[in-house]
Amino acid sequence: MHLYKTSKGNILKQEASFFLLNDDWDALINQQNLYTHLLQLTTIAEKISDADAANFISNYLLPPIGSQEVWAAGVTYLRSRDARMEESEDTGAADCYQRVYEAERPELFFKSLPHRVSGHQQKVNIRKDSTWNVPEPELTLFINSTGNIQAYTIGNDMSSRSIEGENPLYLPQAKMYERSTALGPCLLVTEAPIPLSTAINITINRDGTTMFDDATTLEKMKRSLTELANWLFREMDFEQGCFLMTGTCLVPPNDFTLHEDDVVNISIEGIGVLTNSIAEKK
Ligand code: DO4
Ligand code: MG
């Protein structure tokens, strides 16, 4: 099932039918079993036409987040470890990425409050004080308040490689700034966990030319999704649940940096496509 948040109400797509759910987003998604809850709602909710649903989703879409915090996991794929070791080679910090890749405790960091999150077709930012910027395509989990994964969405963990590469203690500045997070276009709510064969793809387009195009599957991830969720919930309560980005495996070559107006498309099988263009540096 796909759940879209729009300014005209929440739209549930179940098989070929669309339903309008006027519930508060936080209360709607923070369920013990979101799949069963939504299935029950389809027996009483207002059915809407394909044309109305398409209009709401095309013209009134919001990022699929309410009051939740967004957290992120890092160095969960070999490709991310290697890229970070390369960018921090000159500063002597490369070893910390190797150690966290192998450690029992994962890297988890705070990424965003909801008001800084962009949705599908909204702009994301690159920092004015950064010279090397990339998108990071990441499967993103919605975890309910009791720590159970209930839904999946697509995340873009926009990152400054020059700032993180200068010193790993600058990670919060490399990762957290206005509109450095994109989520969307919807939540995928499934009865069973998402298959590890699920494909993730990214393309970056500039003036009609594809600058980068790569794909992977979740199989390449070093850690399991429940392992990451359990670590995050060890000593923290999330009253309305939270979002957790699960790390990147797709990194453009080292001579690539994002430019204003570049268009980033991230697709995850079963969820859809998250598109964001890069805002003008002000
Ligand atoms: O270690 C820094 C951040 C890692 C990250 O964001 C990722 O691997 O996706
Ligand atoms: Mg990341």
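Trainee: Why is E136 called buried?
Mentor: Buried means under 20% relative accessible area, exposed over 50%, and partly exposed in between (1.4 Å probe, protein chains only). E136 has 6% relative accessibility, so it counts as buried. This is a predicted model, in which local features need pLDDT of at least 70, side-chain atom pairs count only at pLDDT 80 or more, and totals for chains, interfaces and linings use all residues. Residues are numbered from 1 along each chain as its sequence is written, chains are lettered from A and ligands numbered from 1 in the order in which they are written, and side-chain values use heavy atoms, without hydrogens and water.

Trainee: What makes E136 a donor of the magnesium ion (ligand 2)?
Mentor: Donors are N, O and S atoms within 2.8 Å of the metal (3.2 Å for Na, K and Ca); water is not among the atoms, so sites may look incomplete. The protein donors E136 (OE), E138 (OE) and D157 (OD) lie 2.0 to 2.1 Å from the magnesium ion. Their spacing in sequence is E-x1-E-x18-D. E136 sits in the loop between β10 (133-134) and β11 (137-143), while D157 is in strand β12 (149-157), 21 residues apart. Strands (E, at least two residues) and helices (H or I, at least four) are DSSP runs, numbered from the N terminus.

Trainee: How do you know whether D157 is buried or exposed?
Mentor: Its relative accessible area is 1%, so D157 is buried.

Trainee: What about Q121 and R179, buried or exposed?
Mentor: Q121 has a relative accessible area of 58%, so it is exposed. R179 has 31%, so R179 is partly exposed. Phi of Q121 is near 70° and phi of R179 near 50°. Q121 lies in the loop between β8 (117-118) and β9, and R179 in the loop between α7 (171-175) and β14.

Trainee: What makes the bond from G184 to P185 cis?
Mentor: Its omega is near 0°. P185 is in strand β14 (181-188).

Trainee: How do you know on which side of α3 its buried residues lie?
Mentor: In helix α3 (50-59) the buried residues are A53, F56 and I57. They span an arc of only 95° around the axis, so they are on the same side of α3. The arc is that of the directions from the helix axis to the C-beta atoms. Exposed A51, S58 and N59 are on the face turned away from the buried side.

Trainee: Why is β9 called an edge strand?
Mentor: β9 (123-124) pairs on one side only, as does β16 (209-217). Two strands pair if DSSP finds at least two bridges between them. β9 and β19 (272-278) have 2 bridges, in the parallel sense, and K123 stands opposite S277. The open sheet runs β9-β19-β18-β15-β16, with mixed pairing.

Trainee: Why is the largest nonpolar core said to lie between two domains?
Mentor: A nonpolar core is a set of buried Ala, Val, Leu, Ile, Met, Phe, Trp, Tyr and Cys residues joined through side-chain atoms within 4.5 Å. This one has 50 residues, of which I11, L139, Y152, L258 and I271 touch the most other members. Helix α8 (225-232) gives the most, with 4 residues. Domain 1 (2-59) and domain 2 (70-278) both contribute, so the core lies between them. The domain bounds come from an automatic or database assignment.
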